[in-house]
Protein chains: 2
Amino acid sequence: MKLYLAGPDVFLINALGVGHQKRTMCQARGFEGLYPLDNKLPEDEAAIFAANQGLMDKADAGLFNLSPFRGPSADAGTIFELGYMAAQGKKVFGYSNDGASYAARAVRSHGPTAEEDGVFLDRNGHMIERFGLTDNLMINEAITSSGGFCVAKAEVGEPKLAAYSAFDACLAKIQGE
Amino acid sequence: MKLYLAGPDVFLINALGVGHQKRTMCQARGFEGLYPLDNKLPEDEAAIFAANQGLMDKADAGLFNLSPFRGPSADAGTIFELGYMAAQGKKVFGYSNDGASYAARAVRSHGPTAEEDGVFLDRNGHMIERFGLTDNLMINEAITSSGGFCVAKAEVGEPKLAAYSAFDACLAKIQGE
């Protein structure tokens with residue numbers, strides 16, 4: 001099974017090394033990992049997009065690093081790709097170095113909160129989803145409705161953003177199905 | 001033409017009012033606006049997901065409010081939906097209340113930056129894309145490659161997050177094509 005490996009890993013200085021490590025971990029579990037080439041800078045934006053799109057189209061399923069990135073949510077590029085593969089009817093799986101709920105992170109980054117008619121508002125007066133999910137409901141429900149799942153595990157190794165522990169736990173769970 | 005209206009608008013207290021206003025603005029330009037029901041809290045998460053998915057499947061094209069939300073990027077749910085509709089081969093359009101580049105916002109929220117071998121790093125050592133685009137390249141390139149475009153305009157009216165000025169400018173530009 002070909003797994004597209006999406007995540008903010010591409011923004012790590014050693015992005016190529018992380019990709020190599022994750023492809024090796026996939027192989028050890030009997031999968032083929034497809035890793036985006038986003039990190040080859042400088043390159044033409046359209047070419048990077050087309051290359052990532054080609055890998056997603058080729059993959060059987062997607063494994064998404066949903067670790068929070070520059071805010072309480074997952075990385076924007078990763079979320080885009082999750083939506084793209086969900087629309088293709090492929091199984092999508094999530095993993096994250098942070099097991100807290102989205103709401104908990106939003107309160108931390110955009111509190112203090114106020115309550116109005118039973119609705120929780122951040123400091124800008126914007127509602128905070130209170131479903132207890134790890135990210136925006138469209139992300140979590142897309143994973144569930146595709147037949148996938150999400151694994152969260154605090155990362156002890158480095159780089160934390162690669163979330164190797166949750167990544168391997170997710171691979172093991174897919175393997176066990 | 002049926003336009004799916006995605007955005008963090010659903011997190012505004014008067015989300016229903018904003019949706020009504022945007023549907024009316026669509027009508028004035030000869031379009032039918034389809035607005036998500038995400039704001040009906042509390043409701044079953046799976047039901048909200050299925051309802052939004054149904055609207056996207058029914059729409060001919062998508063109009064995405066990419067105004068920054070709880071960080072330098074657009075809202076997570078909105079980005080997911082952009083990926084979903086891009087995969088369906090539909091035209092996707094963006095609009096935003098913020099004309100700054102993603103890089104400029106990331107420097108503001110996650111600076112100070114450092115430079116290493118010509119690469120810009122945020123305070124956590126994560127690379128900052130320097131393409132001068134308004135968000136992650138997957139978002140901007142998906143819009144371009146679909147045949148769509150993105151319109152940014154500082155919002156003077158309220159609520160700023162609704163980005164009414166950019167929304168109407170985007171509708172006018174689609175109408176003029």
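Biologist: How many residues do chain A and chain B each bring to their contact, and what makes it a contact?

Modeller: Chain A gives 52 residues and chain B gives 52 residues, and they are counted because contact means heavy atoms within 4.5 Å. This is a predicted model, in which local features need pLDDT of at least 70 and side-chain atom pairs count only at pLDDT 80 or more, while totals for chains, interfaces and linings use all residues. Residues are numbered from 1 along each chain as its sequence is written, chains are lettered from A and ligands numbered from 1 in the order in which they are written, and side-chain values use heavy atoms, with hydrogens and water left out.

Biologist: What area do chain A and chain B bury between them?

Modeller: The two chains bury about 4,300 Å², with 71% of it on carbon and sulfur atoms, where buried area is the accessible area (1.4 Å probe) that two parts lose on being put together, summed over both. On the chain A side, Arg70(A), Met127(A) and Met138(A) supply 21% of the area buried against chain B, more than any other three residues.

Biologist: Why is the pair of Arg70(A) and Asp122(B) called a salt bridge?

Modeller: The rule asks for a side-chain nitrogen of Lys or Arg within 4 Å of a carboxyl oxygen of Asp or Glu. The closest N and O atoms of Arg70(A) and Asp122(B) are 2.9 Å apart, so the pair meets the rule. Across this interface two salt bridges are found.

Biologist: Which elements of chain A give two or more residues to the side that touches chain B?

Modeller: They are helix 2 (45-58), helix 3 (76-87), helix 4 (102-110) and helix 5 (137-145) of chain A, helices here being DSSP runs (H or I, at least four residues) and strands being runs of E of at least two, numbered from the N terminus. Helix 3 of chain A provides the largest share, ten residues.

Biologist: How do you know that the space around Ser73(A) and Ser73(B) belongs to a cavity, and what sets a pocket apart?

Modeller: On a 1 Å grid over the protein atoms alone, a cavity is a set of points where a 1.4 Å probe fits but cannot get out, whereas a pocket is an open set with protein on both sides within 12 Å along at least five of seven lines; lining residues have an atom within 4 Å of a point. The largest cavity holds about 270 Å³, and of its 27 lining residues the closest to its centre are Phe69(A), Ser73(A), Ala74(A), Ser73(B) and Ala74(B). Helix 3 of chain A and helix 3 (76-87) of chain B each give two or more residues to this lining. The largest pocket has about 260 Å³, and its lining also draws on both chains, including His110(A), Arg123(A), Phe69(B) and Arg70(B).

Biologist: What makes Lys91(A) and Glu177(A) a salt bridge, and which parts of the chain does the pair link?

Modeller: Their N to O distance is 3.7 Å, and the pair therefore falls inside the limit already stated. Lys91(A) is in strand 4 (residues 91-96) and Glu177(A) in the segment after helix 6 (164-175) of chain A, 86 residues apart.

Biologist: Where in chain A and chain B are the cis peptide bonds before Pro159(A) and Pro159(B)?

Modeller: The bond from Glu158(A) to Pro159(A) has omega near -10 degrees, and Pro159(A) sits in the loop between strand 7 (150-152) and helix 6 of chain A. In chain B, omega between Glu158(B) and Pro159(B) is about -10 degrees, and Pro159(B) lies in the loop between strand 7 (150-152) and helix 6 (164-175).

Definitions and conventions. Grid points are joined across faces, edges and corners, and a volume is the space filled by probe spheres set on the points.
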